[in-house]
Amino acid sequence: MRTLIALVTALCLVIGAAAPADAAARGVLPVPGRVVGAFAPPDVRWGSGHRGVDLAASAGVAVVAPVDGVVTFAQDLAGRPVLVLAHGDTRSTYEPVVASVDVGTRVSRGQVMGVLEAGHSCAAPVCLHWGLRRGETYLNPLSLLGGEVILLSDADAAAIRGG
């Protein structure tokens, strides 16, 4: 499973790196952390899959806007705090995040939007679930990085190399 996650993550990074983006269009990670749950969309909209990425982090860490946008949702949903940021024809989601900004607030890339809470089940003790959609289509949120390099752990790099 770990090898599969590493391979999917590496493929997503290659695809994201291939997308043209100038420095101004490149986003930043919403939390400083490594990918512990790769994007794995379902074959059909109602099917099982992982509709975003999970980033390892610590409870209480600041969650920043990866790109410029407008906060369109910031409240509990199904018992967990969720924040939604609209940017162009896409919107990104952050869970579990207690917002420090109000709905309607314009945020800039790198601006703090809230703090991460524990509570999302993932491969790390605490992580941020980061999603991205265009309409009803799930996208890889790492594509917002516009070709930024994400360093893999030695074990993940070895798994990608097949060793």
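A residue counts as exposed when its relative accessible area is over 50%. In this predicted model, Asp89 clears that bar with 53%, so it goes down as exposed. Its salt-bridge partner is Arg134, with N and O 2.9 Å apart. Asp89 sits in the loop between S5 and S6, while Arg134 belongs to strand S10 (residues 127-134), so this contact ties together parts that are 45 residues apart in sequence. Arg134 itself, at a relative accessible area of 40%, is partly exposed.

That pair is one of three salt bridges found in a search of the whole structure. Another links Arg80 to Glu95, and here the closest N and O atoms are 2.8 Å apart. Arg80 is part of strand S5 (residues 80-87) and Glu95 part of strand S6 (residues 90-95), so the bridge joins parts lying 15 residues apart in sequence. As for exposure, Arg80 comes out as partly exposed, its relative accessible area being 32%.

Then there is Arg133, which turns up in two kinds of contact. It makes a salt bridge with Glu136, the closest N and O atoms being 2.6 Å apart. The charged end of Arg133 also sits over the ring of Tyr138, at 4.8 Å from the ring centre. With a relative accessibility of 19%, Arg133 counts as buried, because the cut-off for that label is under 20%.

Aromatic pairs are quickly dealt with: the count comes to zero.

Conventions: Residues are numbered from 1 along each chain as its sequence is written. This is a predicted model: local features need pLDDT of at least 70, side-chain atom pairs count only at pLDDT 80 or more; totals for chains, interfaces and linings use all residues. Side-chain values use heavy atoms; hydrogens and water are left out. Rings of Phe, Tyr and Trp (its six-membered ring) pair if their centres lie within 6.5 Å; planes under 30 degrees apart count as stacked, over 60 as edge-to-face and the rest as tilted. A charge sits over a ring if NZ of Lys or CZ of Arg is within 6 Å of the ring centre and within 35 degrees of the ring normal. A salt bridge is a side-chain nitrogen of Lys or Arg within 4 Å of a carboxyl oxygen of Asp or Glu. Helices (H or I, at least four residues) and strands (E, at least two) are DSSP runs, numbered from the N terminus. Buried means under 20% relative accessible area, exposed over 50%, partly exposed in between (1.4 Å probe, protein chains only).
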